[in-house]
Amino acid sequence: MGKVKGKPGPLARRPDNSAFKQQRLPAWSPMLTANTVLPFFYFMALICMLLGVWLLLTVQRTQEVKMDYTKAGECSRCFEKLKNESNAGQSCICTVVLHIEKPLKGDVFFYYGLKNFHQNLRRYMDSRDDGQMVGRKTNLKNPSSYCMPFDRDQNGLPIAPCGAVANSMFNDSFTLYYNKLGSPVKVPLLRRGISWYTDKNVKYRNPKMDNLTLAQVFEGTAKPLFWQKPVYELDPFDQTNNGFINDDLIVWMREAAFPNFKKLYGVLHRGDDPFTKGLPAGTYTIEISYNFPVQHFQGRKELVLTTLTWFGGQNHFLPIAYLVTSSLILLVAIVLTVVWWKFGKTGMNMEE
Amino acid sequence: MYTALPILALSLFDQDVNDRWSFQYPQLYSPGQLNLYFSKKAFVRCMLHSAYSSLILFFIPWAAMHDTVRDDGKDIADYQSFALLAQTSLLVVVNTQLCLDTYYWTAVNQFFVWGSLAAYFAITFTMYSNGMFLIFTSSFPFMGTARNSLNQPNVWLTIFLSTLLCILPVVAIRFILLQIRPTINDKVRHKVRKEALPAPTPHRKPARRISTRKSGYAFSHSEGFGELVTSRRFLLKRPLKSRPVLFATTESPLAQNQPQHYRTITEEQDPSV
């Protein structure tokens, strides 16, 4: 006997007979069939191979020269000197020689590289005050507690810029000379425009000035412990590059993701001979003001000169990865074809 | 939020075969009953898949970024750009995997998948905008990252490679299993593509219809389920042709999906005819 179901009461909660609620929406129902999957795999293998070849040719067009100068030549003397911490404030100038066999054609970019420096450590990354760097007066005199212990110096004055990131700023400087027929020619480097536009113009701003000089604006603050010069004197040649908007400071404050990194130092100025087409081949002398100590964390320092393409620098990983992926996909496609041919083609497995 | 909504849509709206075929082949319900979808083997398979994907989604961006710069020489190997790259790769991989898993593409699914991708980019660009940084400085320190890294073709090529390496093995394994060891679901779906839909399931008729079965029901009673269940008609494999069809329906797939065809679940006279 079945129940009488004629009353409207028990049926009042029945879902509507609409397409949406009875799951009858118009739909497309794809399925993995042989004639979609196999051509797709072959096509992907082809795409990856073309991409790999193209990227490899692009990367081969870049040229890179690296030089590790931690203990190179005269700099080992500076290295030993910096082992003694009381010498930290004294500058040490050393010279290294660099040979370039093939000329670097096009725009040449100079980077300083550090190895084994973990800018991605969490406590290190937290130790900064973005509010202070964006120019807020309240944060200037009262740095955030995240900066501790680098927020105030021993006299109680607030440090500007506060935090461990700013404190550990890289302070080596380089001057390159090209040895042309015995007389060295200074290589002109553009040291502006090396930071992101958004960083330089929005994220880092000096506190409002209103007819005061930068030194007066920063009055009542102290320089970070490891610095030799206060923040408003970082660039003696260009007054608009001082304070929090100093390009080197901004580049350093953008923490690197990995312990071995390089940061932009300058771009070759190609206005005059003999640098109009890039860096000519030959012998170069680099005068380094060696200030940054790396022995405490077993780090290394290096100088990198490179040309770039739209793909950016000399990194062979992506082209090679695409080529490897393309061969793997091809292999898999062949395996799939064999499997389909032997088992699935007749559709015998599809019978119940 | 970006990943939860598409999965929700998948679970609510997905069907591998439609309801007519499900009635036709009740064996489709047996994998669920045998707990084939959530066994230890399935769990281990899931874990291996996620371990492999996580390795790909970290190490491919790492290797691609660890010594690179932007095309104008400026930094791209910084912490914020790398985080954005890893997250974007993840989103793309998850949404592509979802698309693979969806057997029943409705407008709602499409909206959720594309909507979630669009929402991700919209929210990322908003969070990394100048305004948010200037108002909530310490909460949104990633200002400018999206603009400066996502315009590099390098970054998009890395995302494409990670997606390929995560998705293609899944497609290959599924294809091989389909050829060698198809499940009952696959077999029915294969039939769906090859054959026409079965006849609509029999309607439980209102009392006024002439019953062709030799049963003892009186005219005035409405028919219940008891007779159907005890006659074991649910277990039949062939379509029931013993009763004449009440409504003249066509066999085209589109007609089956039209809401006017009211399949009575109870014994009332159908008002919508």
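What follows is a chat between a trainee and a mentor about a predicted model of a complex.

Trainee: Before we dig in, what ipTM does the predictor give the complex?

Mentor: This is a predicted model, so let's start with the predictor's own scores. The complex gets a pTM of 0.79 and an ipTM of 0.88.

Trainee: And within chain B, which element has the highest mean pLDDT?

Mentor: Chain B averages a pLDDT of 74, with 58% of the residues scoring at least 70. Watch residues 267–273 of chain B, where the pLDDT is below 50, though the stretch has 16 contacts in the model beyond near neighbours in sequence. Among the elements of chain B, helix H12 (residues 253–256) has the lowest mean, 47, and the highest, 92, belongs to helix H4 (residues 40–65) of chain B.

Trainee: Over to chain A: which are the edge strands of the open five-stranded sheet?

Mentor: The sheet pairs antiparallel, in the order S1-S11-S4-S8-S7. An edge strand pairs on one side only, and that picks out strand S1 (64–68) and strand S7 (189–190) of chain A.

Trainee: Which residue of S8(A) does A:Leu190 stand opposite?

Mentor: S7(A) runs antiparallel to strand S8 (residues 261–268) of chain A, and two bridges join them. Across from A:Leu190 in S8(A) you'll find A:Val267.

Trainee: At the other edge, which residues make up the covered face of S1(A)?

Mentor: S1(A) is joined by five bridges to strand S11 (residues 300–307) of chain A, running antiparallel. In that pairing, A:Val65 stands opposite A:Leu305. The uncovered face of S1(A) has A:Glu64, A:Lys66 and A:Asp68, while the covered one has A:Val65 and A:Met67.

Trainee: A:Leu305 again! Which strand gives the largest share of the largest nonpolar core?

Mentor: That core has 66 residues, and A:Leu305 is among the three that touch the most other members, along with A:Trp252 and A:Leu279. The contacts of A:Leu305 include A:Val65, A:Val108, A:Phe109, A:Phe110 and A:Leu279. As for the share, six residues of the core come from strand S4 (residues 108–115) of chain A.

Trainee: How many residues are in the second, separate core?

Mentor: This one draws on both chains: A:Leu55, B:Ile60, B:Val93 and B:Leu165 are among its members. In general, nonpolar side chains in soluble globular proteins tend to be buried together. The count for this second core is 31 residues.

Trainee: Is A:Thr325 buried or exposed?

Mentor: A:Thr325 is in helix H10 (residues 317–344) of chain A. Beyond its neighbours in sequence, A:Thr325 is in contact with A:Cys48, B:Leu161 and B:Leu165. Its relative accessibility is 4%, and the cut-off is under 20%, so A:Thr325 counts as buried.

Trainee: How far apart are the centres of the two domains of chain A?

Mentor: Domain 1 comes in two pieces, 35–62 and 317–346, and domain 2 covers 66–308. Taken over C-alpha atoms, their centres are separated by 44 Å.

Trainee: Back in chain B, how far does helix H5 reach from its first C-alpha to its last?

Mentor: H5(B) covers residues 79–101, which makes 23 residues. At 1.5 Å a residue you'd expect 33 Å, and the reach in the model is close to that, at 33 Å.

Trainee: Last one: what is the C-alpha to C-alpha distance between B:Leu91 and B:Tyr120?

Mentor: B:Leu91 is in helix H5 of chain B, and is buried, with a relative accessible area of 2%. B:Leu91 and B:Tyr120 are 29 residues apart in sequence, and in space their C-alpha atoms are separated by 8.2 Å.

Terms used: Residues are numbered from 1 along each chain as its sequence is written. Chains are lettered from A and ligands numbered from 1 in the order in which they are written. This is a predicted model: local features need pLDDT of at least 70, side-chain atom pairs count only at pLDDT 80 or more; totals for chains, interfaces and linings use all residues. Side-chain values use heavy atoms; hydrogens and water are left out. Two strands pair if DSSP finds at least two bridges between them. Helices (H or I, at least four residues) and strands (E, at least two) are DSSP runs, numbered from the N terminus. The expected span of a helix is 1.5 Å times one less than its number of residues. pLDDT is the predictor's confidence in each residue, from 0 to 100. Contact means heavy atoms within 4.5 Å. A nonpolar core is a set of buried Ala, Val, Leu, Ile, Met, Phe, Trp, Tyr and Cys residues joined through side-chain atoms within 4.5 Å. Buried means under 20% relative accessible area, exposed over 50%, partly exposed in between (1.4 Å probe, protein chains only). Domain bounds come from an automatic or database domain assignment. Lists of a residue's contacts leave out its neighbours within four places in sequence.
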